[in-house]
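Colleague: Before I accept the labels attached to this model, I would like to hear each one set against its definition; may I go through them in turn?

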There are 2 protein chains.
Amino acid sequence: MKNEEVKQGIIFPFGQENVAYAEDFIGKSYLASLVNDPELNVGVSNVTFEPGCRNNWHQHHEGFQILLITGGEGWYQEFGQPARLLHPGDVVVVHNDVKHWHGATKDSWFSHLAITAGTPVWLEPVADEEYEKVEQGAE
Amino acid sequence: MKNEEVKQGIIFPFGQENVAYAEDFIGKSYLASLVNDPELNVGVSNVTFEPGCRNNWHQHHEGFQILLITGGEGWYQEFGQPARLLHPGDVVVVHNDVKHWHGATKDSWFSHLAITAGTPVWLEPVADEEYEKVEQGAE
């Protein structure tokens, strides 16, 4: 597997296995909360995905999400759009209610900072067939 | 000077010399805007300080700022409080209207991501004497 160094935490802590959201992911992810402050309308966390791990399709309702890619290689896809291959230094803005998923490529660890506002709405998984299509560049 | 690698940009772009805000800083800083989206209530930028560079005392009015330290060594100080020495992986939350400054240590480059909401209110510079006190641990 590529980019194993991501498991050491890229600048920010790797955190713990993300068991609270396990049912909203395929594969294992790891979460370190960096900012969780009731006075702010955003939270910040460091999210790491094992190879092949991705979250289910979801939306950020009455909010948004910003992804700042820090390690490895991953995917971001908005519903009905081609998937975008992500590397460190890339930035993704997810607007209010946009249906999307993100995760690692099949053979690489992946990490991003996530700046999140609003309420997540979890939808269906990214099925193996759907994910394979992205991996094969068929999207 | 220490941590010269910060000038290459730590994961995110180093950007350009921050001439627009030059009067609100002592020394040279560099700014790369990462997210500047009218649909969001926050912006994200990568800010780099040359050794000894610091911004003036300021506040974020009707907002906040989150600093995610990515490179080198720097200071954060809230008015009336001891300064906090910062290293990569450190996180600072600046609440609404809190008077503060941040910048590099005297002999190190320094970079952080800044997640900012609200309107900055720029106040007086951090005078050399004040900065030297922090450097000498007299604070």
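Colleague: In which element is B:Glu62 found, and what makes it count as exposed?

Modeller: B:Glu62 is found in strand β6 of chain B, where a strand is a DSSP run of E with at least two residues, a helix is a run of H or I with at least four, and both are numbered from the N terminus. The relative accessibility of B:Glu62 is 66%, and exposed means over 50%, buried under 20% and partly exposed in between, with a 1.4 Å probe and protein chains only, so B:Glu62 counts as exposed.
This is a predicted model, in which local features need pLDDT of at least 70 and side-chain atom pairs count only at pLDDT 80 or more, whereas totals for chains, interfaces and linings use all residues. Residues are numbered from 1 along each chain as its sequence is written, chains are lettered from A and ligands numbered from 1 in the order in which they are written, and side-chain values use heavy atoms, with hydrogens and water left out.

Colleague: What is noted about the phi of B:Glu62?

Modeller: Phi of B:Glu62 is near 50°, a positive value in a residue other than glycine. This is worth noting because most residues other than glycine have a negative phi.

Colleague: What is the phi of A:Asp97, and why is this residue called partly exposed?

Modeller: A:Asp97 is not a glycine, yet has a positive phi of about 65°, and its place is in the loop between β9 (91-94) and β10 (100-104) of chain A. With a relative accessible area of 30%, A:Asp97 lies between the cut-offs for buried and exposed, and is therefore called partly exposed.

Colleague: How do you know that A:Val92 is buried, and which residues does it touch?

Modeller: A:Val92, in strand β9 of chain A, has a relative accessible area of 1%, which is under the cut-off, and so is called buried. Contact means heavy atoms within 4.5 Å, and, not counting residues up to four places away in sequence, A:Val92 touches A:Gln65, A:Ile66, A:Leu67, A:Tyr76, A:Arg84 and A:Leu86. Of these, A:Leu67 is 25 residues from A:Val92 in sequence and 5.0 Å from it in space, C-alpha to C-alpha.

Colleague: What makes β3(A) and β4(A) a pair?

Modeller: Two strands pair if DSSP finds at least two bridges between them; six bridges join β3(A), residues 29-35, to β4(A), residues 43-49, and the two run antiparallel. In this pairing A:Ser29 has A:Phe49 as its bridge partner, and A:Ala32 stands opposite A:Asn46.

Colleague: Which other strands are joined to β3(A) and to β4(A)?

Modeller: Strand β1 (residues 16-17) of chain A is joined to β3(A) by two bridges, running antiparallel, with A:Gln16 opposite A:Leu31. Seven bridges join β4(A) to β11(A), again antiparallel, and there A:Val44 has A:Ile115 as its bridge partner. Both β3(A) and β4(A) are mostly covered, with five of seven residues buried in β3(A) and six of seven in β4(A).

Colleague: What makes a set of residues a nonpolar core, and which members touch the most others in the largest one?

Modeller: A nonpolar core is a set of buried Ala, Val, Leu, Ile, Met, Phe, Trp, Tyr and Cys residues joined through side-chain atoms within 4.5 Å. The largest holds 26 residues, of which A:Ile66, A:Leu68, B:Ile66 and B:Leu68 touch the most other members. At least two residues of this core come from each of β3, β6 (58-72) and β11 (110-122) in chain A, and from each of β3 (29-35), β6 (58-72) and β11 (110-122) in chain B. B:Ile66, not counting residues up to four places away in sequence, has contacts that include A:Val35, A:Leu40, A:Val42 and A:Val44 as well as B:Val91 and B:Leu113.

Colleague: What relates chain A to chain B?

Modeller: A turn of 180° with a shift of 0.0 Å along the axis lays chain A on chain B at an RMSD of 0.0 Å, the superposition being by least squares on C-alpha atoms of residues with pLDDT of at least 70 in both copies. That is the relation of a two-fold axis. The same surface serves both copies, since 100% of the contact residues of chain A recur in chain B.

Colleague: How does the radius of gyration of chain A stand against the globule rule?

Modeller: The rule is 2.2 Å times the number of residues to the power 0.38, and the radius is taken over C-alpha atoms. For 139 residues a compact globule would come near 14 Å, and chain A agrees, with 14 Å.
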